[in-house]
Structure formats: C-alpha cells, structure tokens
Amino acid sequence: MDLEAIKPVVEEIVKNVLLEKRYEYGWPTKGTSNKKATGGLINSIKVIQIKENNTDILQVDMKDPNYKYVEYGRSKDKYVPVKAILKWMAQRGIGIRDERGRFKKDSDARLAVAYKIANSIKVNGIRATGFIEIARKRIAENKQVKQLLEEAAMQELIDIIKFGKWVLVIPNYTRMV
C-alpha cells in the first residue's frame, strides 16, 4: 500500500501536538506552555515508510534523544546537566536582570540560576506529557487520514481483483479460485 500521501499529514499532527499550549509547568502549576524549547525535537520528527513482514508501516522517527524526557518526564532525585540548562536558557531568551531591570552579562549569575533550575528538577522532577499517545489518538480521529487510507485500500483491492478470473492474494502465496 502506498502511504506517501499520508506521511505529511501524520508528521504535521505529531508536530502540532508538541506546539499546543497544553502542558502544565511550575510547581504547583503556574500555567501551560508548549514543548518547543529549541525546536530540535520538532525539527527531528520525520515520518518514514518501511516494510515489515510484507506489511507497509509508517514510522514516526525522532532523531532528538530528548523526546524521552518530553514523553516520559524526568524522575526526582536526578540532576539535569547544567550545560544543557544554560543552552535552554539562551534559546528561550531567559536572562538575568540587575536591580534597575537591565540584563546582566554576568555569566556567574546565569550559572547560579542554571544550578537553581537543576536543583528544582532534582527536587520536583519534570512532568510526563504523553504526547505520543495524544498524537496517536489525533491521527486515528483525523478525517483526512481516514479518507487517504480508504482510497489507498480501495486502490489496493482494485489492483488485486482481475476480471475474467478471480485471484485471491495472500502475502507470499497466490492461488486461482
């Protein structure tokens, strides 16, 4: 079955689930945000078609290894590397201000805040998002995906049926009926 037409729809659904402002942050909860920190995870998402046991499968491939922390969260009692937090702070535009409200260029102040964030994660952990299951449900409910699958299945059925003689096709086995 040719699933090429479905690939971009599935990819868009998965990326949109991460971009939704539905994920709680703060301890206790202070608000909701999306899961786009650097864009690395979202940009790493690719949908590929593979064949497994004579069956075509769409696989959502995430090259960014941090997807595990977004999906499953991070347990308490574990420090996050401070270098990763400093990178996250820079990409999110989180700066340190002085008493007059001006941004400091002081790297020691940024490092101190990064250590406080790392300690907060160690004490409180990071909540799991479950974005993979949410994306699966959205894909299953998507009208465009259903329509494309129906069209592909119908075309495959038409390709199997040969007029004049019926042909029953079973993977790796064909016999005349």
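## Exercises on a predicted model

The side chains of aspartate 61 and lysine 63 are joined by a salt bridge, with N and O 3.1 Å apart. The model is predicted, and the exercises below are to be worked on its coordinates.

**Exercise 1. Determine how many salt bridges the model holds, and characterise the lysines of three of them.**

Solution.
- Step 1. Apply the criterion that a side-chain nitrogen of Lys or Arg lies within 4 Å of a carboxyl oxygen of Asp or Glu. The count comes to six salt bridges.
- Step 2. Take the pair of aspartate 61 and lysine 63, at 3.1 Å from N to O. Lysine 63 has a relative accessible area of 63% and is therefore exposed.
- Step 3. Turn to lysine 51, which forms a salt bridge with aspartate 56; their closest N and O atoms are 3.0 Å apart. With a relative accessibility of 58%, lysine 51 is likewise classed as exposed.
- Step 4. Consider glutamate 11 and lysine 15, whose side chains meet in a salt bridge at 3.3 Å, N to O. Both belong to helix α1 (residues 7–19), where a spacing of four residues separates them by about one helical turn. Lysine 15 counts as buried, at 19% relative accessibility; the cut-off for buried is under 20%.

**Exercise 2. Describe how strands β3 and β4 are paired and connected.**

Solution.
- Step 1. Strand β3 (residues 45–52) and strand β4 (residues 55–62) run antiparallel and are joined by eight bridges.
- Step 2. Within this pairing, glutamine 49 stands opposite leucine 58 of β4.
- Step 3. The two strands form a hairpin with two residues between them. In the turn, asparagine 53 has a positive phi of about 55°.

**Exercise 3. Establish the surroundings of serine 44.**

Solution.
- Step 1. Serine 44 is located in helix α2. Its relative accessible area is 11%, so serine 44 is buried.
- Step 2. Setting aside neighbours within four places in sequence, serine 44 is in contact with Asp61, Met62, Lys63 and Asp64.
- Step 3. A polar atom of the serine 44 side chain lies 3.5 Å from the backbone nitrogen of lysine 63.

**Exercise 4. Show which residues of helix α4 are buried and where they lie about the helix axis.**

Solution.
- Step 1. In α4 (residues 82–92), the buried residues are Val82, Ile85 and Met89.
- Step 2. Viewed down the axis of α4, these residues fall within an arc of 55° and so line one face of the helix. This accords with a general rule: an α-helix has 3.6 residues a turn, so residues three or four places apart point the same way.
- Step 3. On the other side of α4, the exposed residues are Lys83, Lys87 and Ala90.
- Step 4. The cover over the buried residues of α4 includes α5 (107–124).
- Step 5. Just after α4, glycine 93 adopts a positive phi of about 75°.

**Exercise 5. Identify the residues with the most contacts to other members in the largest nonpolar core, and the elements that supply this core.**

Solution.
- Step 1. The largest nonpolar core has 21 residues, of which Leu18 and Phe131 touch the most other members.
- Step 2. At least two residues of this core come from each of α1, α2 (40–44), β3, α6 (131–141) and α7 (143–160). The most are given by α1, with six residues.
- Step 3. Apart from this core lies another, of nine residues, including Val82, Met89, Ala114 and Ile121.
- Step 4. Not counting residues up to four places away in sequence, leucine 18 touches nonpolar and other residues alike, including Leu41, Ile45, Val70, Phe131, Asn34 and Lys35.

Technical notes:
Residues numbered from 1 in each chain as written. Predicted model: local features only at pLDDT ≥ 70, side-chain atom pairs only at ≥ 80, totals over all residues. Heavy atoms only, no water. Buried < 20%, exposed > 50% of the residue type's maximum accessible area, 1.4 Å probe, protein only. Arc of directions from axis to C-beta. Contact = heavy atoms within 4.5 Å. Pairing = 2+ DSSP bridges. Core = buried A, V, L, I, M, F, W, Y, C linked by side-chain atoms within 4.5 Å. Polar contact = N/O pair within 3.5 Å; in protein donor to acceptor, adjacent residues only side chain to side chain.
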